Structures are given as structure tokens and as C-alpha cells.
There are 2 protein chains.
Amino acid sequence: MSEARQRAAKADPAADEAIYQSITRAIMDGRLRAGTKLVEQTLAEAFGVSRERIRKVLHRLGAERRIEIVPNRGSRVPSPTPEEIRAVYEAHRVLEAGVLVQLGQMLNDEILARLDAHLVEERDAAARGDRAASVRLSGAFHTHLVDALGNEELSRFLRDLLSRSSVMVSVYEPATQSVCAVDEHGAIVEALRARDVPRAIDLSRHHFRHVEQRLRLDPVPAPPADLRALFGPAQG
Amino acid sequence: MSEARQRAAKADPAADEAIYQSITRAIMDGRLRAGTKLVEQTLAEAFGVSRERIRKVLHRLGAERRIEIVPNRGSRVPSPTPEEIRAVYEAHRVLEAGVLVQLGQMLNDEILARLDAHLVEERDAAARGDRAASVRLSGAFHTHLVDALGNEELSRFLRDLLSRSSVMVSVYEPATQSVCAVDEHGAIVEALRARDVPRAIDLSRHHFRHVEQRLRLDPVPAPPADLRALFGPAQG
DNA sequence: ATGGCAATAAATGTGCACATTATTCGCCGA
DNA sequence: TCGGCGAATAATGTGCACATTTATTGCCAT
């Protein structure tokens with residue numbers, strides 16, 4: 001029962017999750033631009049399910065702050081202000097500083113090996129000129145840092161932050177998604193390997209500053225999206 | 001419109017929020033013990049609203065991880081494992097390390113003054129022997145640290161963590177809620193004042209270790225709760 | 001023209017009835 | 001007596017119809 005949703009006649013236990021994932025990905029990929037209104041009836045028709053099901057998913061997305069819901073006025077993809085963007089990046093920076101402190105305490109060869117392996121991948125993608133892979137791996141570096149702690153709470157928080165910042169990137173940096181310089185990543189790992197936590201933190205700070213500086217200050221207008229075309233039976 | 005919900009006949013725009021707050025507080029205050037089943041019909045009768053309204057609130061609470069929802073099997077107050085508890089405390093510790101790093105950068109007299117004022121309050125409550133105030137102020141210290149950064153994302157994350165740990169305290173430390181030693185709080189502020197961030201972080205680490213060590217390792221069984229008595233018309 | 005205003009359309013919110021799934025209880029046989 | 005099995009009960013899940021609110025359109029008077 002992989003994708004046989006053709007009509008989705010009655011009850012599919014995992015349908016909610018599929019719709020949730022579908023909308024989430026559309027937002028994170030930038031296919032759903034900031035400000036896009038998410039009309040329940042339209043989404044229901046696009047996914048071929050009842051409106052109640054869509055409502056439930058939208059409210060979940062709202063509780064997770066992935067979309068904005070105004071009572072009686074519907075749901076939309078958030079249009080973050082520059083100040084909110086700054087706050088998300090700052091939060092990531094502050095979190096990573098704490099993560100580096102903790103990593104300095106519990107660092108071992110296995111963790112270092114995994115980080116090294118990631119850097120190899122990242123450099124390889126850059127060498128190949130594979131921009132898509134570079135973007136993905138560049139973000140994954142920070143995920144790896146947090147995941148190395150093995151703390152579900154922290155990993156989840158970072159994922160939330162990243163999902164928010166992805167929307168922001170689509171608003172303020174439409175053409176080229178930001179790619180962290182792999183050298184900066186490597187330098188952070190080297191500082192960790194030397195157990196020089198203050199230096200690692202300092203590198204991380206400058207690293208984030210670079211990323212932030214790359215953002216434009218004026219938002220780019222988003223063209224209206226066709227929900228049916230995005231989520232219709234042909235697509236996913 | 002304070003508490004005139006006597007019957008709550010038709011539609012109250014803020015009813016959802018009131019119910020949400022009511023359940024949230026009951027969990028955080030420990031009146032709803034870990035493992036308690038939250039039956040929709042029962043809650044609906046207790047609050048005097050329809051079951052749909054309760055469902056919506058429960059799903060919101062579930063999305064925020066304040067309760068556990070298993071499909072087709074209902075909702076309950078989480079019963080965290082020792083491992084999950086450890087993760088929450090560790091997350092708080094890691095976050096606070098990052099916060100201290102950032103505070104070391106943006107510290108000013110106003111922030112220091114606010115922290116000093118809080119320490120005065122805290123010492124005062126301890127001197128009075130006001131245990132309730134001590135518990136509250138002791139937790140508030142850490143909230144103040146994060147709030148000093150003025151970052152909504154970080155403040156929200158800490159609030160989430162604290163709301164989770166409150167449940168844990170009720171499971172693993174029933175009688176005496178943990179009170180941070182005010183001396184330890186004061187020492188952290190002093191380290192900050194001296195711009196000695198590594199020392200502040202170290203103090204924070206040991207501080208959390210003390211708190212964690214105070215937790216019992218074996219959970220305390222929770223008596224079943226009467227939802228109608230807790231949320232009935234007489235109460236809130 | 002234009003600004004306000006009313007009628008219409010569209011979208012969201014809600015209660016209810018019924019379906020589906022879990023749990024409990026009682027029965028029967030070994 | 002105990003273990004399994006099935007009916008009865010209880011709780012959750014879902015679609016639908018209708019209410020309420022908001023947005024849009026068209027009209028009229030100035």
C-alpha cells in the first residue's frame with residue numbers, strides 16, 4: 001500500500017501522515033511560498049480526502065508553528081519578518097554553542113570519525129559541483145553535531161529551527177540557497193578534535209555570521225500557488 | 001468574563017484556550033498525575049462542552065507533547081522513563097551553556113541588575129522560609145537567564161522543557177519539589193559579571209548535576225484521578 | 001468616478017450521528 | 001480453576017449538514 005491513493009475512498013490509517021509530510025515538504029522545498037493561503041476545501045479536493053482530514057492536519061501544522069492559523073480567517077504559510085529570521089538564526093547559534101560545550105565533554109573517536117566522514121562527503125559534493133547535494137549536506141553538518149549528543153529533545157528543537165529557516169530562505173534568498181563553506185565546517189571539527197571548545201564556539205559564531213550576512217534584507221514577492229497542481233493526484 | 005462558564009451553552013470564542021490552560025495547569029501542578037487517562041467524554045461532561053471541543057484541545061496538547069496520544073487508544077498524561085528525564089535535564093543544561101556564552105557577549109548593566117534583583121527575591125524567600133515562593137523563584141532564575149537574550153525561540157524552548165520536567169518531578173520526587181541552591185545561582189551571576197564565561201558554564205553544569213542527583217530513580221505510583229472532580233463546574 | 005453599504009458568495013467552525021476499533025466481561029470447555 | 005474465545009460495552013475516529021464569520025461583488029447616492 002505504497003502510493004495507491006488514486007481515489008482514497010474510505011479510510012487510510014496513514015493518510016494523515018502522508019498529507020502532513022506532503023505539505024511539510026512543499027513548504028520546506030519552497031514550492032509553497034511564504035504567504036500562500038491554504039484553503040481547506042481546495043486542499044481537500046487536491047488530496048482527494050474530506051475537509052475534516054485536512055483540518056486536522058492544518059491544526060497540527062499550526063501547533064508546530066509550521067503554518068499560521070488565524071481563527072475564522074484560515075491558514076497560510078508564514079511570512080517571517082527580518083527580526084524573526086534573526087531570532088531563528090540566533091537561536092541556532094546559541095544552541096550550537098551549548099552543543100559544542102557538551103561535545104567537548106563527551107567527544108570520542110567514533111563521533112569524530114562520523115564527523116570526518118561527513119566532511120568527506122561534503123567536500124566531495126563541492127568538488128563535483130553538485131549544488132543540490134552541497135546544500136543538503138551543508139545543512140546536515142549542523143544536524144550531525146546535535147545528533148552526536150544523542151539527545152532527542154535537542155535534535156527535535158534543531159529540526160524545528162531548520163524547518164522554520166527554510167521558509168525564510170525562500171523569502172529572502174530566492175535564487176541561491178545558502179551553502180556553508182565546507183572549510184568552516186572542517187575548522188570546527190578540527191577545533192573539537194583538539195578539545196579547544198572556546199575556539200570551536202568562536203568558529204561557529206563567525207560561521208553563522210557569514211550565513212546571516214548572505215541573506216537579503218528585502219523580501220521577494222511570492223507568486224500565488226496552485227494548490228491543486230501542487231498536491232493533485234498526479235503528484236504526491 | 002472571568003469564570004461564568006456555568007453552563008457554557010453555545011459558543012465561547014475563548015473556551016478552547018480556557019480548557020487548554022486548565023488541563024495544562026493541572027498537569028504542571030501535579031494534580032493530574034503521570035499515566036492518567038484523559039477520556040474525551042468524561043472531560044466533555046466535566047467542562048460542560050461538546051466532545052469535539054475536547055478533542056481539538058487534546059490534539060493540540062498532543063502536538064505540543066504535553067500529553068501522549070495513541071491512535072484509537074486515547075490520550076494520557078505521559079509517564080516519562082528515567083532516560084527521557086535525563087534527556088530533558090541534559091537539554092536544559094546544554095541550552096543554558098549556549099545561553100551563557102551568548103550572555104557573555106551581550107551582557108550589560110541592565111541585565112545584570114535584573115539578575116541581581118531576582119537573586120534578592122530568591123534569597124528573601126529562602127530567608128522567610130517560604131517554600132512555595134522558593135520553588136517558583138528557583139525555577140524562574142533559569143527562565144530569566146534565557147529571557148535576558150530576548151529571543152522568542154529560545155524562551156519558548158525552555159518553557160517547553162520546564163513543562164515537561166514538571167511532570168517528571170511529580171513522578172520521581174513527589175514530596176519535596178527541587179529547589180536550586182540560591183548560592184549556586186548567585187555564583188553563576190558573579191561569574192557572568194566577571195565575564196568569565198567558562199566558569200559560569202562550569203558552575204551551571206555542576207548546578208544541574210545537583211538537581212539531577214536529587215531525583216529518585218524509582219517512579220512513584222499515581223492514584224487514579226477523578227476528572228469530573230478536577231474540572232467540574234465548581235472548580236476551574 | 002468614488003465611497004459607503006448591503007447582498008451575495010466563500011471559507012471556516014461546530015455539533016451530531018454513525019462507523020470503527022479497543023477493552024471488558026462472561027461463558028464454556030478442558 | 002484457568003485459559004481462551006466471543007459477545008457486549010465503551011471509547012475513539014470520521015463524514016456530513018448546518019451555523020457563523022469573513023471576503024467579494026454590485027449598486028446607489030453623492
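User: What counts as near a strand here?
Analyst: A residue is near a molecule or strand if one of its heavy atoms lies within 4 Å of it. This is a predicted model, in which local features need pLDDT of at least 70 and side-chain atom pairs count only at pLDDT 80 or more, while totals for chains, interfaces and linings use all residues. Residues are numbered from 1 along each chain as its sequence is written, chains are lettered from A in the order in which they are written, and side-chain values use heavy atoms, with hydrogens and water left out.

User: OK, which part of DNA strand C is within 4 Å of the protein, bases or sugar and phosphate?
Analyst: Of the strand C atoms within 4 Å of the protein, 67% belong to sugar or phosphate, and the rest belong to bases.

User: And which residues come nearest to it?
Analyst: Out of 17 residues around DNA strand C, the nearest are A:Arg51, A:Arg55, A:Asn72, B:Ser50 and B:Arg73.

User: How far is the A:Arg55 side chain from a phosphate oxygen?
Analyst: An N or O atom of that side chain is 2.9 Å from a phosphate oxygen of DNA strand C, whereas for A:Asn72 a backbone N or O atom lies 3.0 Å from a phosphate oxygen of this strand. A backbone N or O atom of A:Glu40 is likewise 3.1 Å from a phosphate oxygen of DNA strand C.

User: Switching topic, what is the strand order of the sheet in chain B?
Analyst: The order is E1-E3-E2 in an open, antiparallel sheet of 3 strands, strands being DSSP runs of at least two residues, numbered from the N terminus, which pair if DSSP finds at least two bridges between them.

User: Which are the edge strands?
Analyst: In chain B they are strand E1 (37-38) and strand E2 (68-70), each pairing on one side only.

Notes:
Polar contact = N/O pair within 3.5 Å; in protein donor to acceptor, adjacent residues only side chain to side chain. Helix = DSSP H or I, 4+ residues; strand = E, 2+ residues; numbered from the N terminus.
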